[in-house]
Amino acid sequence: MTQAVQYSQLGGPEVLVVNEVPDPVAGPGEVTIRVTAAGVNPIDAKLRAGVRPSGPFDGPRGVGADGAGHITSVGDGVDGFRVGDPVAFGWAAGAYATDIAIAAEKVAARPAGVTAAQGAALGIPAGTAYQGVRSLGVRGDDTLLIHGGSGAVGQAAIQFAAASGARVIAACSERRADRVAALGAIPVRYGDGLVERVRGVGEVTAIFDCFGSDEALAQSLELLADTSRIATIVSGAKAAGLGIRAFSGGSPEPLTDQQLAWRAEALPVALALLAAGAFSVELGERFDLAGAADAHRAIATGAAGKLLIIP
């Protein structure tokens, strides 16, 4: 039997329980994976709490989208994978588990030297960051401001934007300034006075909001007149009213096919960069399956680094 973290009603972290479920079977186009590590993302907690809609319950729901491990079986019609292959995956359903069945298109080979913990930290954060930077058309002549630069998405966005040659300014707390600077960004303390501090660094030409506060949105509009180059991944429900762009984050507008393709493309890209020593993920505290509720409590407090579930 497989052990999986599930919930049967919306609520606080306490609704998360570990259940025994039948071992997954790889259907056509799928593989099964023995999960070594699963990444904890803010969206996991938002879905659990009902902050983001997810439809009516038709049974217990799994938790988690990102992870890494080894292939245990390969379904019909799947090429390129063999039993035992080390892999990472993203955008799944129910990653907080010992085993999972998932569409092979959501799985990427994990290169030698990339740990399962690193692979599990990539899916949603790297995909969201890569798509956001690509959608905003960030180039070498740009100065990109990232709100929430020290979070998992923000850190990935810094690295993708810097790789394009852009100058990057990252809004963060003072205690996180060294981390974002190490990734290639100019750290600027968030909060009151941010507009003046950013202007002291230079004129921004694009803004990527990974924080989502009303203050950050107002500051963005004050800093940049071209609202087509301001995007949020958190305050999607407010974006249309402000005239800015939203990439999910509660937006009623779905992602385009191109945006979805970029999110999928990011996983193998980030894995290859990690293997080459050209990308960095900050790993945080680790929890077992029974500690999933504690992991959700920790992410709500803004714990540093990518939190992980280790089945």
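**Notebook: contacts, fold and sheet**

Started with contacts in this predicted model. Counting only pairs at least 6 apart in sequence, I found that 63% of the contacts in the chain join residues at least 24 apart.

Next I looked up the secondary structure: the chain has 10 helices and 16 strands. I then checked the radius of gyration, which comes out at 19 Å, close to the 19 Å from the globule rule for 311 residues, so the chain is as compact as a globular protein of that length. I also took the extents of the C-alpha trace, and along the principal axes they are about 60 × 40 × 35 Å.

Burial was my next stop. Of the 311 residues, 51% count as buried. For the surface, I get about 13,300 Å² exposed by the chain, with carbon and sulfur atoms supplying 52% of that.

Then charges. I have 24 positive and 31 negative side chains in the chain. The centres of these two sets sit 4 Å apart.

Last, I went through one sheet strand by strand. It is open, has six strands and parallel pairing, and I read its order as β11-β10-β9-β12-β13-β14. Which strands stand at the edges? I find β11 (186-189) and β14 (245-246) there, each with a single partner strand, so one side of each has no neighbour in the sheet.

I zoomed in on one pair from that sheet. Strand β9 (residues 143-147) and strand β10 (residues 167-172) run parallel and are joined by five bridges. Looking for what faces Ile146, I landed on Ala170 in β10, which stands opposite.

Technical notes
Residues are numbered from 1 along each chain as its sequence is written. This is a predicted model: local features need pLDDT of at least 70, side-chain atom pairs count only at pLDDT 80 or more; totals for chains, interfaces and linings use all residues. Side-chain values use heavy atoms; hydrogens and water are left out. Two strands pair if DSSP finds at least two bridges between them. Helices (H or I, at least four residues) and strands (E, at least two) are DSSP runs, numbered from the N terminus. The radius of gyration is taken over C-alpha atoms; the globule rule is 2.2 Å times the number of residues to the power 0.38. Buried means under 20% relative accessible area, exposed over 50%, partly exposed in between (1.4 Å probe, protein chains only). Contact means heavy atoms within 4.5 Å. Accessible areas come from the Shrake-Rupley method with a 1.4 Å probe; for residues, only the protein chains shown count as cover. Lys and Arg count as positive and Asp and Glu as negative; His and the chain ends are not counted. The place of a charge is taken as NZ of Lys, CZ of Arg, CG of Asp or CD of Glu.
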